[in-house]
Amino acid sequence: MNGQGGRPAGAHDGGTGLGGLVVAEPCRLSFEGVTKRFGDVIAVDDLTLEVAAGESLVLLGPSGCGKSTALRIMAGLETPTAGVVCIGDRVVNDVDAKDRDVAMVFQSYALYPHLNVRRNIEFPLRSRHVPADERARLVAATARSLGLEALLDRKPAQLSGGQRQRVALARAIVRHPRAFLMDEPLSNLDARLRTEMRAELAELHRRLGVTVLYVTHDQVEAMTMGQRIAILRDGVLQQVDVPRTVHDRPANAFVAGFIGSPPMNILAGRVDTADGAAEVMVDGGSIPLGPAATAALRRRGLPDVTVGVRPEHLRADPAGTLKVTVALAEYLGHEQHLGCRLPGGGMLTVRLTGTRSALVLGDTVALAVEGDPHLFDPVDGTRIDV
Amino acid sequence: MTESSGAEPGERGRLDRRGFLGLLSVGAGGLLLGACSSGSSSSPTAAFPLGAAAKASSKPTRVTLWHSMSYNNQTTLQKLTDAFNSSQGDVHVNLVNQNSYTDTLTLFTAALSSGGLPDLVQMETVNLQSMIDSRSVVPAQRAIDAAHYDLSDFLPSTLNYFKVQGTQWAMPFNVSTNVLYYDQNAFRKAGLDPAKPPTTMAELKVACQQVVSSRTANYGMSLKLDTSYFEQWVTLADALMVNEQNGRSGRATKVVFDGAVGTSLFEWYADMLGSKLAQPTSATTYDNLLGIANGIAPICLETSAALGTIQSILSGGQYANVKLGVAQTPSTTDKRNGVFPGGAGLYMVSKSSPAQQDGAWQYITYLDGPAQQAQWAVGTGYIPIRKSATALPAITQLWATQPEFEVSYQQLAESPQNVATAGAVYGPQAQVEQAINSALTSISTGTSASSAMAQLTGRANAAISSYNARVGA
Amino acid sequence: MSDADLAPGAAALGEMAAGRSKDAANGHRRMGRITREAAVGYLFVLPVMAVFAIFVFYPLLRTFWLGLFRVAPYPTIPSKFVGLSQYRNVLTSPDFLASLGRTGEFVLLTVPIGIVLGLALAVLADARIRGIRFFRTLYSSTVATSVAVVSVIFFTLLNPTVGLFSYWLGIKGGNGILQSNTWALPAVATVTVWQNIGFTFILMSAALQAIPEDLLEAARIDGAGGRSRFWRVTLPLLSPTVFFAAVVGIIASFEAFGQIDLLTQGGPDNHTNVLIYNLYTSFQNNDFGKASVLAAALFVILLAVTLVQFRFVERRVFYG
């Protein structure tokens, strides 16, 4: 805010130029012990999370997990029941949304239907009493950078979904805010456009270098958009880390099941360490464990364990230790998903790449597991570190 | 919708051809029906079917009366009617209350095309020319001539009002005049003699000045901005409202009250209202009477017909500080002419069967009988229109105990008979009176008397000429 | 044409010719079907059209027709055809022009104030505070009152002798508000506004609730304060409703009769004698010719207002 109250975040106060656009110095966003209750419902439960300046962090979780509430708390649209919210180094708990100098992109785009594209984009500038010539310059630059020049005189109703999305982005960008908040911005687009816009957004973030807090329920979007991903469940933060870590070393069974497509296979198992090299007994057979995993389980000393195996880590192998029956086959061109029934009735998903497998429905096959499986505590789901 | 107004059970619901056509024309003002139903008015020389009810094949002959009496007065009317119905077997009269004089005229006019006319209708005095022009009335004169009916006992004013160029169109029934109401206690407080109420407008003004200067009340009097008091004063000054001898010698074509008398009356209104000696009150409310009750203005003018209601309210004890006095309307100058009667008359309808016309006439003569008029006057506060009625015990007792009730009768009885006191007769009386009300209102809000009169004359004459053109006169 | 698709080569030509003639036959059959469907359609519309014809179009045309006649006060006297002269006379009379002027004043006194007040109450009642339901009920309660009851209440309140307002204002006797040339029309207008406020309130409340919360939140994040959000977002989005309320209000004001009849009867000195009351008085005087001309004039004016509304709605000048 640079101590200027409602004035525009200075276009010339140390911003970095980019294609005619001037961007404010990005700042960090943080939640410190933030809780939000709606009556008896706890939407956000003691959330502590920091988005570093210039970072793109994705809040991921199923619907109703509190991710949108957290975003709205950051925007100032909701007041936290407890905890501290900071933008930059300033505590903003008592700062009205209009004075927080963050931009937000809504799932519905929230374009003003009575204003044309030009007026929509310059709306935040008018709010901040930016002089007319300056406004015109900023709108033109923003429109150019997003390819909206030809649409400036149209009303939102005359635009396609992708165009509306771009206008909403332009409206956020034009005021060079200190941070962007995005609430499922791509979920109203069709699959193809979503992929396109995803790339564009990522590119935009790279160009502008701004701080982005991005909310989505789509883990693919999260993996591609976020430098880090924070996974929420029932208002509780499960794990925050870079996409690779979240994928490869999920903090618990929930994260493990939520990240990855097709989802990880989760099986109840029992450790058998009778003869040196340990293995986990599961329905349909057993999964062998490496020395490190064996050691970890030995240290733990309890027989019950939850086992996670990603579908891509299963392959058909006559020497495999799991016996299953092929019940479902989905051929996707570059890969194939098999649904395999376990003797006890459970299902295992197998992801096969490369050439089309000769397996047909009803075949009984043996599956082998590559590497160590993921191991979780069967009671609280936490990862058993190996 | 049948023409018998549904009085006879046998005829109810039977829709004859005329009734059906009438039904069709209800929404359209009866434009087309006008031509085909106009021929039914019998010529003035036709003989009245005297005795037809007695000779009727089915008895009793049913006669319907449309009236506009309020609840209290309706009770007395119903008693008289019940007595008439049980006094003989030839005629049975049914009363239908049509709510107000205005509504009665509207419904009567509508029934002229749609059917369902009554046999007898009570119409306000001012509708005389309208009723003549409607060509739907059997003049009472025909029955009077046929029966050699003796009119000598009637108070002449009451008959003369309904008589035009020698023809008695309706018979008077409920008659009243405007009188002066005042609070005797306030008079005493203001140093005025309650026994000597003002008799001229000059004295009235002096009394008002005294009330105001003694701070007895906010105003000396209430001036109801209603045409009837203006007309009363024009008549008291022996002036006329309209030309052609107040419409008595021929159809009136313009108003003539804009002469010296009318103009000075308007100036008097302007003076009284402008100097705050009088408070203006609306023509549609009884704020003038409430002014007495609430001590705002202790004097006002109002119809004598209101006396019965006023007395019953006062007897309730809510206004114990008020002692009511009633006097004749003060005259404009020392030279007092007289007043014309207000109220209503009874008209016989020409579409009714001979037996029904005869039955209606029998009923009228019953209601207008001395004993019945005495009962009517005592029950309602209207004036008994028969001189002999005033000698009956019911009236003498009333007047002895409550002399206020005699004032209106005396005022009318003392009035000389001339064209002024006969009252004006012309067609669009309602419109002209509305225009007079408007003019008086405009004076109360500061318009000068002369410009109010000029505007009024224009409006009134336009209404008369438009009406005359529409009736083809 | 599927036959032709299946028959390649030389045979196709003949097949196509056959197909074409078959198409023509189909065409005839199709037209027959369309005519039949249309006939059934008209059959369904017929009852409504009949009702409209009898109760709307016929009286309407009859009114225009009746305006060509000098109608006697009594149906027992024949009417006289006077052609357009009655239209000319009535529509150029000072009487008509004065009542038209009064109507205009009345509309100006009722419609804008009514909308502003209704909108203001709706905005107030949009607040999320405890007990707001009570206020919402209160604000919309005038919808459930009849114009006659409201008029009688106000008539009593405004009475100069016994009225509560007069008492508060320290007035005793004399001309009351309803007897004042200056204040009678504003007073009747006030009663009208009061009577209509519930309807406007409900209309505006519904429109307010239809505005997506997102837009107001977006405006808030875009730096707009409460007042700025109202003027720049809420009001523009309400504009179709405001326009609708204006048109409905204008029509209602043109047809406001009950309150005038009960409060002032067109007085004092014609100061509240609006067009509809003038029309009523003409009917009361049995002057059906003049009344018809006035009714026709009223119809044309309201038709014009309605057409303006349709035009605007059709063009969607607001947004969307």
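This report covers a predicted model, taking chain A, the two interfaces of chain C and some salt bridges in turn.

## Basis of the model

Local features need pLDDT of at least 70, side-chain atom pairs count only at pLDDT 80 or more, and totals for chains, interfaces and linings use all residues. Residues are numbered from 1 along each chain as its sequence is written, chains are lettered from A and ligands numbered from 1 in the order in which they are written, and side-chain values use heavy atoms, with hydrogens and water left out.

## Chain A as a whole

Chain A has 9 helices and 22 strands. These elements are DSSP runs, numbered from the N terminus: helices are H or I with at least four residues, strands are E with at least two. Chain A has 386 residues, and 52% of them count as buried. Buried means under 20% relative accessible area, exposed means over 50%, and partly exposed lies in between (1.4 Å probe, protein chains only).

About 16,300 Å² of chain A is exposed, with 51% supplied by carbon and sulfur atoms. Accessible areas come from the Shrake-Rupley method with a 1.4 Å probe; for residues, only the protein chains shown count as cover. Take the contacts in chain A between residues at least 6 apart in sequence: 67% join residues at least 24 apart. Contact means heavy atoms within 4.5 Å.

## Where chain C meets chain B

Here 33 residues of chain C touch 44 residues of chain B. The two chains bury about 3,400 Å² between them, 54% of it on carbon and sulfur atoms. Buried area is the accessible area (1.4 Å probe) that two parts lose on being put together, summed over both. Y74(C), P75(C) and T76(C) supply 20% of the area that chain C buries against chain B, more than any other three residues.

There are 2 salt bridges between chain C and chain B. A salt bridge is a side-chain nitrogen of Lys or Arg within 4 Å of a carboxyl oxygen of Asp or Glu. R459(B) pairs in this way with D269(C), at 3.5 Å between the closest N and O atoms. Polar contacts join 11 residue pairs across this interface, both residues at pLDDT 80 or more. A polar contact is a pair of N or O atoms within 3.5 Å; within protein, one must be able to donate a hydrogen and the other to accept it, and residues adjacent in sequence count only if both atoms are side-chain atoms.

The elements giving two or more residues to this side of chain C are α2 (11-66) and β1 (69-70). α2(C) gives the most, with 3 residues. By class, the side of chain C that touches chain B has 14 nonpolar, 14 polar and 5 charged residues. Ala, Val, Leu, Ile, Met, Phe, Trp, Tyr, Cys and Pro count as nonpolar, Asp, Glu, Lys and Arg as charged, and the others, Gly among them, as polar.

## Where chain C meets chain A

Chain C and chain A bury about 1,900 Å² between them, 58% of it on carbon and sulfur atoms. On the chain C side, I221(C), D222(C) and R232(C) lose the most area, together 37% of what that side buries.

This interface holds 4 salt bridges. One of them joins the side chains of R220(C) and D96(A), at 3.7 Å from N to O. Polar contacts link 14 residue pairs, both at pLDDT 80 or more. α9 (213-221) and α10 (226-254) of chain C each supply at least two residues of the side that touches chain A. α9(C) has the largest share, 7 residues. That side of chain C divides into 10 nonpolar, 3 polar and 5 charged residues. D222(C) also belongs to a network of salt bridges with D101(A), R171(A) and R175(A).

## Salt bridges within chain A

Over all chains, the structure holds 36 salt bridges. E184(A) and K67(A) form one, at 3.7 Å from N to O. The pair links distant parts of the chain, 117 residues apart: E184(A) is in the loop between β9 (179-183) and α5 (191-208), K67(A) in helix α1 (67-75). Both E184(A) and K67(A) are buried.

D248(A) and R244(A) form another, with the closest N and O atoms 3.0 Å apart. They are 4 residues apart in helix α7 (243-248), so about one helical turn separates them. D248(A) is partly exposed at 33% relative accessible area, whereas R244(A) is exposed at 63%.

## Two residues in strands

N265(A) lies in strand β13 (265-272). N265(A) is buried, at 5% relative accessibility. Its side chain reaches the backbone nitrogen of T349(A) at 2.7 Å.

T353(A) lies in strand β20 (347-353). T353(A) is exposed, with a relative accessible area of 57%. Beyond neighbours within four places in sequence, T353(A) is in contact with H334(A) and E335(A).
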